[in-house]
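The following explanation leads the reader through one protein model, from a single residue outwards to the sheets and helices around it. Please keep the sequence and the coordinates at hand while reading.

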Amino acid sequence: MRELIHDQGLGLRLTLVGGAAGLNRGIDHTRIQKSGLALAGHFHGIVPTRVQILGQTEQSYLARLGHEERVRALHGFFGLDLSCVIITGGEAGGSAFAMGEMPELAACAEETGTPLLSSPVRSSATIAALHTLLDDRLAPRVRLHGVLVDVFGVGLLLVGPSGIGKSECALDLVMRGHRLVADDAVECDFRPPRMVFGAPAELLRHHLEVRGLGVLNVKDLFGVTSIRERKRIDVVVKLVAWSENTEYDRLGLDERSHVILGVSIRELCIPVQPGRDMASILEVAARNELLKHAGHHAAREFFNRLEGSLLSERSSDESVVPPSVRGEASSERWGE
C-alpha cells in the first residue's frame, strides 16, 4: 500500500486520511471491488487483498444511516482485514466524507489499522487508473534466454542453443531497418487478454553481443529508430542445427506452439546451416504471419487447391471408364 500511494504511474493523487498502521499490507489482485452489499452485512465474495472502492452510491447509503447503524456497518466492513479502502470523489465530486459528514470512516480505519484513502475523482476514473497500474505492477513475469526483434511490426522471439546465431540474425535484421528489443535476456510479462510482452533487462538495454565483436550499443551505432523498448511476442522462432536425419516442415501445415506464462504462441522451427540467409527467412516469416492475421494461409490454400485438383482428376477418370472395369480396377487397387 505504501508503494501504491507514492507510485507516479498511477496518475492520481491519493490522500491518506486514516489507518497509517496498515500501509505495509499487500495487494494481490489487479481488479478492484465495489463493496455496497458488504456495508449491508453481506460479506460473501469480498476478497480482502483487493482494493475496495466506496463511491457516491455507497457513501449516500452510509449517509442515510443513523450513527449507531453506520458504526455497526463500518466495523463489520473494516473488520475484514482489508488491504485498503478508497473513497472516490473526495474533492471534485463533493463526497459526504469530504464535507465532514461521516467522521466514523476515519475512526474505523484507525481502529482496525486499515489504510483509508481519498481520491479526488469519480469512481470510474479511479478504477481505470488502478486497473492500468495494477495490470503492470502485478503482471506474471518470467525471464527467457533469447533475442526479441520487431520485424515489420511482428515480434519474433529467437530461441535456441547458445552459439546458434541468434544475435547475428538480430544484427542482420537491424541493418535491414528492423528494430532490436532485447538480446540474451528477455523480460516477459503477461497482459490480458492472453498476450505476452517482452522487454530488455535493464543492464542489457540497447546492447547486443556478437561473438568476435563483443558487446555493441545498437542505439549508438544505428540510431534511435533501431531499438524498441517493448514488444508483444507474436511468433517464437526456434533455431536448430541442420541435421539430415531430422524431418522439417516443408508445407507449413504443422501448427506448433510454445507456451509462455500460460499463453500458447505460434512456434516455427528453422534449421540453420552455412549458406542460408537467415535474415531473409525471418523477414518472410514475419510477412507470412501478417498474411495469416489477415486471413490468408498460403499453405492451407495450396493444399486445398491440390486436393481439389486431385479429386477432379479422379472423378473425370472414373467417368470415362466402364463401370465393370472401374470395379475391377478398384478391387485390384485395394488388393494391392
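**From one leucine to the whole fold**

In this predicted model, leucine 180 touches Val147, Leu148, Val149, Ala170, Val174, His207, Leu208, Val218, Ser226, Ile227 and Arg228, not counting residues up to four places away in sequence. Leucine 180 also belongs to the largest nonpolar core, which has 27 residues. Those with the most contacts inside that core are Val149, Leu156, Leu180, Val237, Leu239 and Leu282. Two or more residues each come from E6, E7, H7, strand E10 (207-210), E13, E15 and helix H9 (278-293). Of these elements, H7 gives the most to the core, with five residues. In soluble globular proteins, nonpolar side chains tend to be buried together.

Helix H7 spans residues 166-175 and is mostly covered, with seven of its ten residues buried. The buried residues are Lys166, Ser167, Cys169, Ala170, Leu171, Leu173 and Val174. Ala170 and Val174 in this list are also among the contacts of leucine 180. Just after H7, glycine 177 adopts a positive phi of about 105°.

The next subject is a sheet. An open sheet of eight strands follows the order E12-E9-E8-E6-E7-E13-E15-E14, and its pairing is mixed. Its edge strands, each pairing on one side only, are strand E12 (231-232) and strand E14 (256-260). H7 packs on this sheet, where it touches strand E6 (141-151), E7, strand E8 (179-191) and E13. The direction of H7 makes about 35° with that of E6.

Strands of a sheet pair through backbone hydrogen bonds, either parallel or antiparallel. The antiparallel sense appears where strand E9 (residues 195-200) pairs with E12 over two bridges. Here phenylalanine 197 has arginine 232 in E12 as its bridge partner. Parallel pairing is found on both sides of E13. Strand E7 (residues 154-159) runs parallel to E13 and is joined to it by four bridges, while seven bridges join E13 to strand E15 (residues 263-272), again in parallel. In the pairing with E7, valine 237 of E13 is the bridge partner of leucine 158. In the pairing with E15, leucine 239 has isoleucine 270 as its bridge partner. Val237 and Leu239 are also listed among the core residues with the most contacts.

Why is strand E13 largely enclosed by the rest of the structure? Five of the seven residues of E13, which covers residues 235-241, are buried, so the strand is largely enclosed.

Attention now turns to the other sheet. A second, separate core of 19 residues includes Met1, Leu14, Ile32 and Leu117. An open sheet of five strands has the order E1-E5-E4-E3-E2, also with mixed pairing. E1 and strand E2 (33-34) are its edge strands, since each pairs on one side only. Helix H6 (residues 123-137) packs on the sheet and touches E2, E3 and E4. The direction of H6 makes about 165° with that of E3. Within the sheet, strand E3 (residues 52-54) pairs with strand E4 (residues 85-87) in the parallel sense over three bridges, and leucine 54 stands opposite isoleucine 87 in E4.

Leucine 16 lies in strand E1. Leucine 16 has a relative accessible area of 31% and is therefore partly exposed. Not counting residues up to four places away in sequence, leucine 16 touches Leu23, Pro115, Leu116 and Leu117. Leu117 is also named in the second core. The C-alpha atom of leucine 16 is separated by 9.9 Å from that of alanine 106, although the two residues are 90 residues apart along the chain.

Aspartate 7 sits in the loop between helix H1 (2-6) and strand E1 (15-18). Is this residue buried or exposed? With 18% relative accessibility, aspartate 7 counts as buried, because buried means under 20%. Beyond residues up to four places away in sequence, aspartate 7 touches Leu133 and Arg137.

Finally, two packed helices are described by the angle between their axes and the distance between the axes. The axes of helix H4 (residues 67-78) and helix H5 (residues 104-112) come within 10 Å and cross at roughly 35°, and the crossing is right-handed. From H4, the residues His67, Arg70, Val71, Leu74, His75 and Phe78 meet Glu104, Leu105, Cys108, Ala109, Glu111 and Thr112 of H5. The residues of this contact comprise six nonpolar, three polar and three charged.

Key
Residues are numbered from 1 along each chain as its sequence is written. This is a predicted model: local features need pLDDT of at least 70, side-chain atom pairs count only at pLDDT 80 or more; totals for chains, interfaces and linings use all residues. Side-chain values use heavy atoms; hydrogens and water are left out. Buried means under 20% relative accessible area, exposed over 50%, partly exposed in between (1.4 Å probe, protein chains only). Two strands pair if DSSP finds at least two bridges between them. Axes are lines fitted to C-alpha atoms, for helices over the stretch in contact, and angles run from 0 to 180 degrees between N-to-C directions. A crossing is left-handed if the near helix is turned anticlockwise from the far one by less than a right angle, and right-handed if clockwise. Contact means heavy atoms within 4.5 Å. Ala, Val, Leu, Ile, Met, Phe, Trp, Tyr, Cys and Pro count as nonpolar, Asp, Glu, Lys and Arg as charged, and the others, Gly among them, as polar. A nonpolar core is a set of buried Ala, Val, Leu, Ile, Met, Phe, Trp, Tyr and Cys residues joined through side-chain atoms within 4.5 Å.
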